[in-house]
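Good morning, colleagues. Today I should like to present one protein model, beginning with its overall form and ending with its charged side chains.

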Amino acid sequence: MSRAFNFSAGPAALPEPVLRQVQAELLEWQGERASVMEVSHRGQAFVDCAAAAERDLRELMAIPDDYHVLFLQGGATTLSALLALNLAGPQQTADFVLTGHWGEKALENTRPSMKVHVAASGKDGNYTSIPDRAGWQLTPGAAFVHYTPNETIHGVEFHDIPDVGGVPLVADISSNFLSRPLDVSRFGVLYGGAQKNLGPSGLAIAIVRKDLLGKHGRDLPPIFELQNQAKNDSMFNTPPTFAWYVLGLVLRWLKAEGGAAAIGARNARKAANLYAAIDGSGGYYRNAVAPAARSQMNVPFFLPDAALDKPFLKEAEAAGLLGLKGHRAVGGMRASIYNAMPEVGVQALVDFMADFARRNG
């Protein structure tokens with residue numbers, strides 16, 4: 001077997017120790033004489049597994065007691081629609097700060113359920129920077145303000161938490177879950193899919209301040225009512241048990257690696273190394289994002305001639321570097337360097353980039 005370094009934006013790389021444990025336990029888990037995929041989510045073994053994952057997530061993120069932690073089916077796209085239904089009534093307004101594709105997606109998923117207002121947008125600049133906070137046009141009395149701290153496609157990331165006063169701040173953190181320490185108490189809701197930094201696809205997580213639920217005044221189908229999930233420990237219906245189990249293993253790995261602070265320091269080194277290679281290439285490689293808004297998780301870059309893209313990708317794959325093709329909306333290359341990507345993987349990419357430039361400059 002020859003595992004490569006996987007720079008895919010999502011589903012993304014998982015830590016190799018986690019994959020090996022999954023492999024070892026796949027046929028028989030926890031003495032249950034069956035796979036974790038086959039046992040009842042109501043059985044004590046899985047209930048204990050789920051509870052341990054929640055405890056570890058709360059510990060790693062320092063989640064206060066006045067927040068629900070929900071493990072749900074789907075991804076961030078599903079959750080953005082559900083949150084709109086659960087946080088406000090149809091006549092209320094949600095403000096959106098747009099810095100890329102996923103912010104736009106969340107806005108469109110919210111629009112059928114309530115009023116929406118774009119308070120700020122970086123679209124005119126092709127989403128290469130973050131709109132200056134002084135220019136945001138926030139709605140007085142808004143139900144919430146939504147933003148995407150890290151935009152995976154455009155490679156734009158907030159490096160601080162915006163101040164929106166007393167209005168609940170809602171953030172899609174799919175692509176920077178536990179990538180560094182985060183003050184959860186500054187948010188009304190944190191949500192996202194697991195498939196970039198925390199586990200397999202199919203599982204979504206919502207961290208919701210308890211006082212925000214149950215006030216929407218809507219007649220929702222019970223399955224859409226997040227309070228029902230909160231009251232039933234995220235088991236109002238059958239949850240994605242395998243993904244939840246794997247997420248639990250990833251959380252244990254993160255704890256063993258030193259938690260959010262240690263992972264954050266590692267991620268900063270990885271990003272600095274890759275951006276230095278781009279900026280130090282004499283213009284051969286180019287990143288279009290304003291330096292102050294560059295993502296530590298997703299690094300898009302361009303070669304001097306698009307005709308070199310296919311040879312670059314082909315040779316990179318042969319060198320054991322996978323998933324580097326940029327999103328079709330942007331083009332070029334994109335290296336996603338989430339928590340599971342080791343520093344040696346980024347160094348391998350940097351070395352390949354230098355060699356490719358020497359041979360094709």
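**Overall form and salt bridges**

Let us begin with burial: 54% of the 361 residues of the protein count as buried. Please keep in mind throughout that this is a predicted model.

The secondary structure comprises nine helices and 13 strands. The radius of gyration of the protein is 21 Å, close to the 21 Å that the globule rule gives for 361 residues, so the protein is as compact as a globular protein of that length. Along the principal axes, the C-alpha atoms fill a box of roughly 60 × 60 × 30 Å.

How much of the contact set joins residues 24 or more positions apart? Among contacts with a separation of 6 or more, such residues account for 67%.

Turning to the surface, the protein exposes about 15600 Å², and carbon and sulfur atoms supply 51% of that area.

I now come to the charges. The protein has 33 positive and 35 negative charges, and the mean positions of these two sets are 3 Å apart. As a general point, side chains of opposite charge can pair when their charged atoms come close. In this model, the count comes to 15 salt bridges. I shall discuss a few of them.

One of them joins D211 and R209, whose closest N and O atoms are 2.6 Å apart. D211 counts as partly exposed, at 37% relative accessibility. R209 is likewise partly exposed, at 21%; the cut-off for buried is under 20%.

Another salt bridge is formed by the side chains of R269 and E343, at 2.9 Å from N to O. Which parts of the chain does this pair tie together? R269 lies in helix α7, residues 259–279, and E343 lies in helix α9, residues 343–360, so the pair links parts that are 74 residues apart in sequence. R269 has a relative accessible area of 45% and is partly exposed. E343, at 33%, also counts as partly exposed.

Helix α9 also holds a salt bridge between two of its own residues, D355 and R358. Their side chains meet at 3.6 Å, N to O. These residues are three apart in the helix, which means that about one helical turn separates them. Are they buried or exposed? D355 is partly exposed, with a relative accessible area of 28%, whereas R358 counts as exposed at 63%. Through salt bridges that share partners, D355 and R358 belong to one network with E315 and R359.

Thank you for your attention.

Note on methods
Residues numbered from 1 in each chain as written. Predicted model: local features only at pLDDT ≥ 70, side-chain atom pairs only at ≥ 80, totals over all residues. Heavy atoms only, no water. Helix = DSSP H or I, 4+ residues; strand = E, 2+ residues; numbered from the N terminus. Rg over C-alpha atoms; globule rule 2.2 N^0.38 Å. Buried < 20%, exposed > 50% of the residue type's maximum accessible area, 1.4 Å probe, protein only. Contact = heavy atoms within 4.5 Å. Areas by Shrake-Rupley, 256 points an atom, 1.4 Å probe, with all protein chains shown as cover. Lys, Arg positive; Asp, Glu negative; His and termini not counted. Charge placed at Lys NZ, Arg CZ, Asp CG, Glu CD. Salt bridge = Lys/Arg side-chain N within 4 Å of Asp/Glu carboxyl O.
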